[in-house]
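Trainee: Could you take me through one part of this model up close? I'd like to look at the enclosed space inside it and then work outwards from there.

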Amino acid sequence: MKIFYSIIFILMLSTLSFAADETEKKDTLWTPNGVIGINFSQIAFSNWTQGGENSLSFTFFSILGLDYIGYPWNWKNTLKLTYGRTKLGDNAYRTNDNEIYFESVLARDVGWAVQPYADVTLRTSITKGFNYDSEPAVQIANIFDPAYLTQGLGLQYETGGIFTQRIGVAFKETIADQFNALYSDDPDTPNEIEKFKFESGLESVTEVKYDFLENMNFSSYLRLFTRFDAFDVWDVRWDNIITAKINDYFNVNFNVLLVYDESQSIRRQLKQALQIGLSYNIF
């Protein structure tokens, strides 16, 4: 919980700093954007004869961006933070969301229907992560342990701010320290311990952002990566969110996140969440 409160404090300071510079930034080609908030769900019972357990779940989130929209260059930067915990009955709190995700995309308008681009992504944990399938729970991650870095070069097609498609060559690095056996170590070299793994291949990134009805928004982000030496295996990250805005501060969110990455698990990972949220637009 101390980490959770520290994150809120840091972002509140960032909000004040951004607000102080807002007038100045509006006169430049740089456009800041961001939203911070918390999603939560709760159920409680007292003298309830039909069964059930008390439960509380919350997820803190922040989506911050800084974009340069000029000619012929445009540069988009996005930082997403999510940290959530769940408590069921008399059990202790468990971490159920724990991620830093950063993406930076630089593209140049050359007068074609598509634009050449270069991108960088970083994905890691905010704090300690655990596998709760065993008793007691086993730690399997920490900040930058592992960390996934990806660099890409290719072509981008964008239309009307609704649909974006990128396809290119990509390089992926996996960095791990304490948990190298789970993520970066090569099982074919039992006498060596690898804390760094490099892979090259192809990437495809598809983004859709669409407003429908008067107060609803759908966004979808699909990222695929395959290695040159294993075209039959694809890493998948498919994040879908439907947001229904109640007023300026409250909304309802339905999120479905599908992840497949053999370095994490040979099984498909799926997260679904329907929660009410309190959010604040920084810009």
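Mentor: Here is a walk from the cavity to the residues and strands around it, and then on to a pocket. Keep in mind that this is a predicted model.

Let's start with the empty space. The structure holds one cavity of 30 Å³ or more, and the largest cavity takes up about 230 Å³. It has 15 lining residues, and the closest to its centre are Arg-123, Lys-172, Arg-223, Asp-235 and Arg-237. Sort the lining by type and you get seven nonpolar, two polar and six charged residues. As for where the wall comes from, strand 5 (115-124), strand 8, strand 11 (216-227), strand 12 and strand 13 each put in at least two residues.

Now pick up Arg-237, one of the residues closest to the cavity's centre. Its side chain makes a polar contact of 2.7 Å with the side chain of Glu-99. Glu-99 itself sits in strand 4 (residues 94-108). Is Glu-99 buried or exposed? It counts as buried, because its relative accessibility is 17% and the cut-off for buried is under 20%. Leaving out residues up to four places away in sequence, Glu-99 touches Lys-80, Leu-81, Thr-82, Arg-123, Thr-124, Ser-125, Ile-126 and Arg-237. So Arg-123 and Arg-237 turn up twice: both are in that contact list, and both are among the residues closest to the cavity's centre.

Strand 5 is one of the wall suppliers, and Gln-115 has its place there. At 16% relative accessibility, Gln-115 is another buried residue. Beyond four places in sequence, its contacts are Asn-74, Ala-107, Arg-108, Asp-109, Gly-154, Leu-155 and Gln-156. Of these, Gly-154, Leu-155 and Gln-156 fall within strand 8 (residues 147-159).

That brings us to strand 8, another supplier of the cavity lining. It pairs with strand 9 (residues 163-175) in the antiparallel sense, over 13 bridges. Within that pair, Leu-153 stands opposite Val-169. The hairpin has three residues between the two strands, and Gly-160 takes a positive phi near 60° there. On to the next partner: strand 9 and strand 10 also run antiparallel, joined by 13 bridges, and Gly-168 has Glu-203 in strand 10 as its bridge partner.

Strand 13 (residues 250-260), also in the cavity wall, gives us Phe-254. With a relative accessible area of 34%, Phe-254 is partly exposed. Apart from neighbours within four places in sequence, it is in contact with Asn-240, Ile-241, Ile-242, Ala-273 and Leu-274. Phe-254 and Thr-59 are 195 residues apart in sequence, and their C-alpha atoms are 13 Å apart in space.

Finally, the pocket. The second largest pocket has a volume of about 360 Å³. Among its 15 lining residues, Asp-185, Pro-187, Lys-197, Glu-199 and Ser-263 are the closest to the centre. Helix 2 (180-183), strand 10 (196-212) and strand 12 (230-245) each supply at least two residues of that lining. Strand 12 therefore serves both spaces, since it supplies lining residues to this pocket and to the largest cavity. By type, the pocket lining divides into five nonpolar, two polar and eight charged residues.

Definitions and conventions: Residues are numbered from 1 along each chain as its sequence is written. This is a predicted model: local features need pLDDT of at least 70, side-chain atom pairs count only at pLDDT 80 or more; totals for chains, interfaces and linings use all residues. Side-chain values use heavy atoms; hydrogens and water are left out. Helices (H or I, at least four residues) and strands (E, at least two) are DSSP runs, numbered from the N terminus. Buried means under 20% relative accessible area, exposed over 50%, partly exposed in between (1.4 Å probe, protein chains only). A polar contact is a pair of N or O atoms within 3.5 Å; within protein, one must be able to donate a hydrogen and the other to accept it, and residues adjacent in sequence count only if both atoms are side-chain atoms. Contact means heavy atoms within 4.5 Å. On a 1 Å grid over the protein atoms alone, a cavity is a set of points where a 1.4 Å probe fits but cannot get out, and a pocket is an open set with protein on both sides within 12 Å along at least five of seven lines; lining residues have an atom within 4 Å of a point. Grid points are joined across faces, edges and corners, and a volume is the space filled by probe spheres set on the points. Ala, Val, Leu, Ile, Met, Phe, Trp, Tyr, Cys and Pro count as nonpolar, Asp, Glu, Lys and Arg as charged, and the others, Gly among them, as polar. Two strands pair if DSSP finds at least two bridges between them.
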